[in-house]
Amino acid sequence: MDTLMLSRLQFAAATFFHFIFVPLTLGLSIITAIMETQYVRTGDEMYKKMAKFWGKLFLINFALGIVTGITLEFQFGTNWSRYSAYVGDIFGPLLAIEATVAFFLESTFVAVWVFGWDKLSPKFHAVCIWIAALAASLSALWIILANGFMQNPQGFVLRNGRAELESFWAVVQNPFAWHIYAHTLFAAFLLSGFFVMGVSAWHLMRKQHVEFFTRSFKYGAVFALIFSVAVAAQGHLHGAEVARMQPAKLAAMEAHFHTQKNAPMYLLAIPGQDGNYVEAIGIPGLLSWLAFNDPSAEVKGLNDFAPADRPPVAITFWAFRLMVGIGTIMPLLALYGLWRLRKITQESKYLRLMLWAIPLPYLAIEAGWTVAEVGRQPWIVYGLMRTRDAVSPVDPSQVAISLLAFLVVYGFLGAVDIWLLAKYAKKGPVH
């Protein structure tokens, strides 16, 4: 493989692995903050135990997420130096604000929260976890604003062969970035709800700490139900933005080759001999409606784009269906749990299912990012810079060695994370 493909694989491995930690950090911090707020409001010691238990799992995930995130930014200089030179004037301030403001706030108040139990007043201690949780969401915002520029560049001027910042506020107000941000936050909260439900299910199957984990399960189920609906609704709004700003990505998501009105959405697409796809099980007009809120609207097909400007179809198509398929199942699982909450310990099959369902939102989120990033190809900055022109001029062997090192180290960190989470999740609450 050449330097370009190896660099793509390395960045994909680093990004996808880091994002295993990010959504749980975002969502579990909010859930922990809500539980501690309930303790402050009611004085019920059960809520304090809940905040401490779920907060410990949040801290494990947070710590390992930091380690995997630090290496990610260095790749812009090592593997994508031409990209860094081209957009560094725009990318640099966004990443600097994330590190010096948002992450500083998050890490500082996480530390205060950890060491402040029984040293700070209950109200101020709860404020600390809220600041840390909101700072985590703020940190994600600056990263996604940087990604939003790659998806929909604005607020810049081309000068001296590079993109230079012209309007910082235009970059910050990028509507495409805010759609991605909302979708990411909702998905993170959904994932955290499933994590809480899954861990609670393990204990409820064994009838351990029943009141504690029934309450926890309820919190997780409510979170999962609310945000499974929210992420689907927001995804529809974001789909309209994709149709307007990245029509080639939309066409790849649906293996839609021929421009037509009343465009159908197909469940399956199989490669044909002519390079196009043979679609099956379609709903007439659904693609037109999802893209433009009009079943008779015309949707541009891939054949109207130059072959060099088309995204990889198979990966984008199936990743989108994996995301949507899982997204359809999750609210049903959460709704059933709420319906049977009073007799939840009797639902052994359902509880076992919820334990094994913990990976579902992870798979959906990774599939969603696959659609976002692979569907943007061949552009690293949409319409401005192609990915092939952004890679560093280094020997493929150097990237291959670093890729192998990343896989080994990240594999080890992943095993440590799963082991620690499982160990402390099985222990249950502190007596």
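# A guided tour, starting at His-238

Begin by selecting His-238, which at 15% relative accessibility counts as buried. This is a predicted model, and what you see at each stop is read from its predicted atoms. His-238 has its place in helix H7, and if you leave aside its neighbours within four places in sequence, you will find it in contact with Phe-176, His-179 and Ile-180. Show those three side chains together with His-238 before moving on.

## Along helix H7 to a salt bridge

Next, select Arg-215, which also belongs to helix H7, a helix covering residues 210-245. Arg-215 forms a salt bridge with Asp-44, and the closest N and O atoms of the two are 3.0 Å apart. This pair links distant parts of the chain, since Asp-44 sits in the loop between helix H1 (3-42) and helix H2 (45-78), 171 residues apart from Arg-215. How accessible are the two partners? Arg-215 counts as partly exposed, at 21% relative accessibility, and Asp-44 is likewise partly exposed, with a relative accessible area of 26%.

From the loop that holds Asp-44, go on into helix H2 and select Lys-48, then add Asp-118, which lies in the loop between helix H3 (81-115) and helix H4 (122-151). Lys-48 forms a salt bridge with Asp-118, with 3.2 Å between the closest N and O atoms. Because one partner is in helix H2 and the other in that loop, the pair ties together parts that are 70 residues apart in sequence. Which of the partners is buried and which is exposed? Lys-48 is buried, with a relative accessible area of 13%, whereas Asp-118 counts as exposed at 63% relative accessibility.

A further pair to select is Glu-164 and Arg-159, whose salt bridge brings the closest N and O atoms to 2.7 Å apart. Glu-164 counts as buried at 13% relative accessibility, while Arg-159 is partly exposed, with a relative accessible area of 41%. Returning to Asp-44 and Arg-215, add Glu-211 to the selection, as salt bridges that share partners join these three residues into one network. The structure holds 11 salt bridges, and those visited here are among them.

## Two residues of helix H4

Now turn to helix H4 and select His-125, which is found in this helix and is buried, with a relative accessible area of 2%. Not counting residues up to four places away in sequence, His-125 touches Glu-36, Trp-113, Gly-116, Trp-117 and Leu-120. If you draw a distance from the C-alpha of His-125 to that of Thr-37, you should find 9.6 Å in space, although the two are 88 residues apart in sequence.

Stay in helix H4, where Phe-149 also has its place, and note that Phe-149 counts as buried at 1% relative accessibility. With residues up to four places away again set aside, Phe-149 touches Val-87, Ile-90, Gln-154, Phe-156, Asn-174 and Val-381. The C-alpha atoms of Phe-149 and Tyr-382 are separated by 8.4 Å, and these residues are 233 residues apart along the chain.

## The nonpolar cores

For the next stop, select Trp-54, Leu-57, Tyr-83, Phe-195 and Phe-217, the residues with the most contacts inside the largest nonpolar core, which has 116 residues. Helix H6 (residues 175-205) gives the most to this core, with 17 residues. Apart from it lies another core, of eight residues, which includes Ala-14, Leu-64, Phe-406 and Tyr-410. In soluble globular proteins, nonpolar side chains tend to be buried together.

Then centre the view on Phe-217, which, leaving aside neighbours within four places in sequence, is in contact with Met-197, Ser-200, Ala-201, Leu-204, Gly-337, Leu-341, Ile-344, Tyr-350 and Leu-351.

## The second largest pocket

Finish at the second largest pocket, whose volume is about 1200 Å³. Which residues lie nearest its centre? Select His-183, Gly-235, Phe-320, Met-323 and Val-324, which lie nearest the centre among the 46 residues that line the pocket. Its lining draws at least two residues from each of H6, H7, helix H8 (247-253), strand E4 (265-271), strand E5 (277-283), helix H9 (286-292), helix H10 (313-339) and helix H12 (359-374). Colouring the lining by residue type will show 31 nonpolar, 12 polar and three charged residues.

Definitions and conventions. Residues numbered from 1 in each chain as written. Predicted model: local features only at pLDDT ≥ 70, side-chain atom pairs only at ≥ 80, totals over all residues. Heavy atoms only, no water. Core = buried A, V, L, I, M, F, W, Y, C linked by side-chain atoms within 4.5 Å. Buried < 20%, exposed > 50% of the residue type's maximum accessible area, 1.4 Å probe, protein only. Helix = DSSP H or I, 4+ residues; strand = E, 2+ residues; numbered from the N terminus. Contact = heavy atoms within 4.5 Å. Salt bridge = Lys/Arg side-chain N within 4 Å of Asp/Glu carboxyl O. 1 Å grid on protein atoms, 1.4 Å probe; cavity = no way out; pocket = protein on both sides within 12 Å on 5 of 7 lines; lining within 4 Å. Points joined across faces, edges and corners; volume = space filled by probe spheres on them. Nonpolar A, V, L, I, M, F, W, Y, C, P; charged D, E, K, R; others polar.
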